[in-house]
Amino acid sequence: MELKTPLYDAHVKAGGKIVPFAGYLLPVQYETGVIKEHMAVRTQAGLFDVSHMGEILCEGKDALVNLQHILTNDFTNMVDGQARYSPMCNENGGTVDDLIVYKRSDDHYFIVVNAANKDKDFAWMKAHEQDVEGATLKDISDSVAQIAVQGPKAHDILKKLLPEDEFPVKYYSACFDRTIGGMRCIVSKTGYTGSAGYELYLAAEDAVAMWELLLETGKEEGLICCGLGARDTLRLEAGMPLYG
């Protein structure tokens, strides 16, 4: 049985064409159609539900030991707020998954994995974590929603809701402990559409309120809901790898 993200009812209400994807029921497109949604992200702004992605915490004074052992990239020189991409490989060098690691502090890393692999990824991490007392791995996927605002107007929309000095500045960076519309969130800048934009990680129970707030705030900038179809065409156009 496919799962539903916290925004499932909002997608149905907005006329989303729901299809099974990575174990979830998600909108492949809305009544606007894939081409219009694609072009909105290239010229104005599009809103995506990415809540099916997986989120894992790696915490403790020896958290870095686990990251260095399990992943192939080097995380020793990361600064707080920085994000870094990495494959996660098996013993033969084949890829278990590709993922992004966000550093909050020396003892707190926030890992985002692909939706279809999140259970497999977490099991792999647990099976290969180092035997150190000061490190824990925790799957928090069910409690986290992710909403992406992508497109050249994304900053104009969010600056109505967030002070200018609270945005992540560089690509592949994030700001933790931000508040938008009274809701706590992480604001990251690691978009995977080839356009400028931001991602908001927040409590699952706040997802609908945040979705509606963003749509209302972005009306003047032409913000529209976008589905899986545009997500894939945008990534392909930008030459970004798709898992599998």
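E199 sits in strand β13, which covers residues 197–203. Keep in mind as you look around that this is a predicted model. What makes E199 worth a pause is its charge bookkeeping: the residue is buried, yet it has no salt bridge. The nearest side chain of opposite charge belongs to K189, and that one is 9.6 Å away. So where does the side chain of E199 reach? A salt bridge would need a side-chain nitrogen of Lys or Arg within 4 Å of a carboxyl oxygen, so K189 at 9.6 Å doesn't qualify. Backbone nitrogens are what you find instead: the side chain of E199 reaches the one of T190 at 2.8 Å, and a polar atom of that same E199 side chain lies 3.1 Å from the backbone nitrogen of G191.

Widen the view a little and you can list the company E199 keeps. Leaving out residues up to four places away in sequence, E199 touches I186, V187, S188, K189, T190 and G191, along with Q146, I147, A148 and Q150. Two strands are worth following from here.

One is β12, residues 183–188. How much of β12 is buried? Mostly covered is the verdict, with 5 of its 6 residues buried. β12 is joined to β13 by 4 bridges, and the two run antiparallel; on that seam V187 stands opposite L200. β12 also pairs with β11 (residues 174–180), again in the antiparallel sense, this time over 5 bridges. There, R178 has C185 of β12 as its bridge partner. β11 and β12 make a hairpin with 2 residues between them, and G181 in the turn has a positive phi of about 60°.

The other is β10, residues 144–150, which pairs with β4 in the antiparallel sense over 4 bridges. D49 has I147 as its bridge partner in β10, and I147 is also among the residues E199 touches. In a regular strand, side chains alternate between the two faces of the sheet. For β4 (residues 46–49), both faces are covered: G46 and F48 are on one side, L47 and D49 on the other, and all of them are buried. β4 has a further pairing, with β14 (residues 224–225), parallel this time and over 2 bridges. In that pair, L47 stands opposite C225.

Now for a separate part of the fold. Strands pair through backbone hydrogen bonds, either parallel or antiparallel. Here 5 strands form an open sheet with antiparallel pairing, in the order β6-β7-β8-β5-β9. The edges are β6 (83–89) and β9 (136–139), each pairing on one side only. From one strand to the next, the twist averages 25°. Helix α4 (residues 118–128) packs on this sheet and touches β5 (54–59), β6, β7, β8 (108–113) and β9. Relative to the direction of β9, the helix makes an angle of about 165°. If you zoom in on the β6 edge, β6 and β7 (residues 95–105) pair over 7 bridges in the antiparallel sense, with Y85 opposite I100 in β7.

In the loop between α3 (63–70) and β6 you'll find D74. Is D74 buried or partly exposed? Its relative accessibility is 34%, and the window between buried and exposed runs from 20% to 50%, so D74 counts as partly exposed. The side chains of D74 and T76 are joined by a polar contact of 2.8 Å. Beyond its neighbours within four places in sequence, D74 is in contact with Q68 and R84. To relate this loop to the starting point, take T190, whose backbone nitrogen the E199 side chain reaches: D74 and T190 are 116 residues apart in sequence and 18 Å apart in space, C-alpha to C-alpha.

One more sheet to visit. This open sheet has 3 strands in the order β1-β3-β2, with mixed pairing. β1 (3–4) and β2 (17–21) are the edge strands, each pairing on one side only. β1 runs parallel to β3 (residues 24–29), and 2 bridges join them; L3 has Y24 as its bridge partner in β3. Helix α7 (residues 228–237) packs on this sheet, touching β2 and β3, and its direction makes about 70° with that of β3.

Methods:
Residues are numbered from 1 along each chain as its sequence is written. This is a predicted model: local features need pLDDT of at least 70, side-chain atom pairs count only at pLDDT 80 or more; totals for chains, interfaces and linings use all residues. Side-chain values use heavy atoms; hydrogens and water are left out. Two strands pair if DSSP finds at least two bridges between them. Axes are lines fitted to C-alpha atoms, for helices over the stretch in contact, and angles run from 0 to 180 degrees between N-to-C directions. Contact means heavy atoms within 4.5 Å. Buried means under 20% relative accessible area, exposed over 50%, partly exposed in between (1.4 Å probe, protein chains only). Lys and Arg count as positive and Asp and Glu as negative; His and the chain ends are not counted. A polar contact is a pair of N or O atoms within 3.5 Å; within protein, one must be able to donate a hydrogen and the other to accept it, and residues adjacent in sequence count only if both atoms are side-chain atoms.
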